[in-house]
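I opened this notebook to record what I looked up about charged side-chain pairs. The entries follow in the order in which I made them.

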Amino acid sequence: MKKTGLTLFLLLFTALASAQTTLVQVLERDMPGKGQIRIERDVRLDSLIGTVSDAESGTKIKARGFRIQVFAGNNTRASKERANEVDRYIRAKYPDLSVHTEFKNPRWLCTVGDFLYYEEAYETLRKLRKEMPYKGMIILRNQEITIPL
């Protein structure tokens with residue numbers, strides 16, 4: 001009786017999981033000119049791996065990660081204008097990076113990116129240091145970041 005119930009549960013769970021697109025199915029998709037990946041596995045593993053969400057849904061999660069501080073000033077109007085100037089420059093030059101300009105008492109900050117891993121932040125920092133006129137850029141740890149799903 002227990003085996004029958006367990007088998008029925010697994011079949012139902014597998015059927016429900018197969019209704020959504022899994023990561024393995026996306027990887028195995030045939031793309032002309034790009035090759036094909038074939039993953040040999042037990043089909044029940046698809047339900048454990050998870051599904052691929054629709055990028056247009058706008059679903060995001062919050063996590064702890066890293067950001068790059070590109071500007072820090074005091075609490076004057078000139079610092080606010082300078083932070084906004086840096087914000088506009090980065091948005092124009094690097095449209096793929098998220099830019100966050102905010103006042104955290106007692107100073108204006110302009111930070112870049114939402115990086116889950118230090119290595120990603122460090123690689124971007126090196127690229128920014130080569131191409132940008134701003135000095136004193138550092139990586140901030142333990143920042144609350146948003147990651148699109």
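Entry 1. I counted as a salt bridge a side-chain nitrogen of Lys or Arg within 4 Å of a carboxyl oxygen of Asp or Glu. The model is predicted. I found six salt bridges in the structure, and I looked up three pairs, as follows.

Entry 2. I began with Arg 82 and Glu 85, whose closest N and O atoms are 2.7 Å apart; the pair therefore falls within the 4 Å cut-off. Both residues belong to helix α4, which spans residues 77-93. They are three residues apart, about one turn of the helix. I then looked up accessibility: Arg 82 is partly exposed at 32% relative accessible area, and Glu 85 is partly exposed at 37%.

Entry 3. I next recorded the salt bridge between the side chains of Asp 87 and Arg 91, with an N to O distance of 2.5 Å. This pair also lies in helix α4, with a spacing of four residues, about one turn of the helix. Is Asp 87 buried or exposed? I noted a relative accessible area of 10% for Asp 87, which is therefore classed as buried, the limit being under 20%. Its partner Arg 91 is partly exposed, with a relative accessible area of 44%.

Entry 4. I closed with Lys 104 and Glu 102, which form a salt bridge with the closest N and O atoms 3.7 Å apart. Lys 104 has 40% relative accessibility and counts as partly exposed. Glu 102, at 30% relative accessibility, is likewise partly exposed.

Conventions:
Residues are numbered from 1 along each chain as its sequence is written. This is a predicted model: local features need pLDDT of at least 70, side-chain atom pairs count only at pLDDT 80 or more; totals for chains, interfaces and linings use all residues. Side-chain values use heavy atoms; hydrogens and water are left out. Helices (H or I, at least four residues) and strands (E, at least two) are DSSP runs, numbered from the N terminus. Buried means under 20% relative accessible area, exposed over 50%, partly exposed in between (1.4 Å probe, protein chains only).
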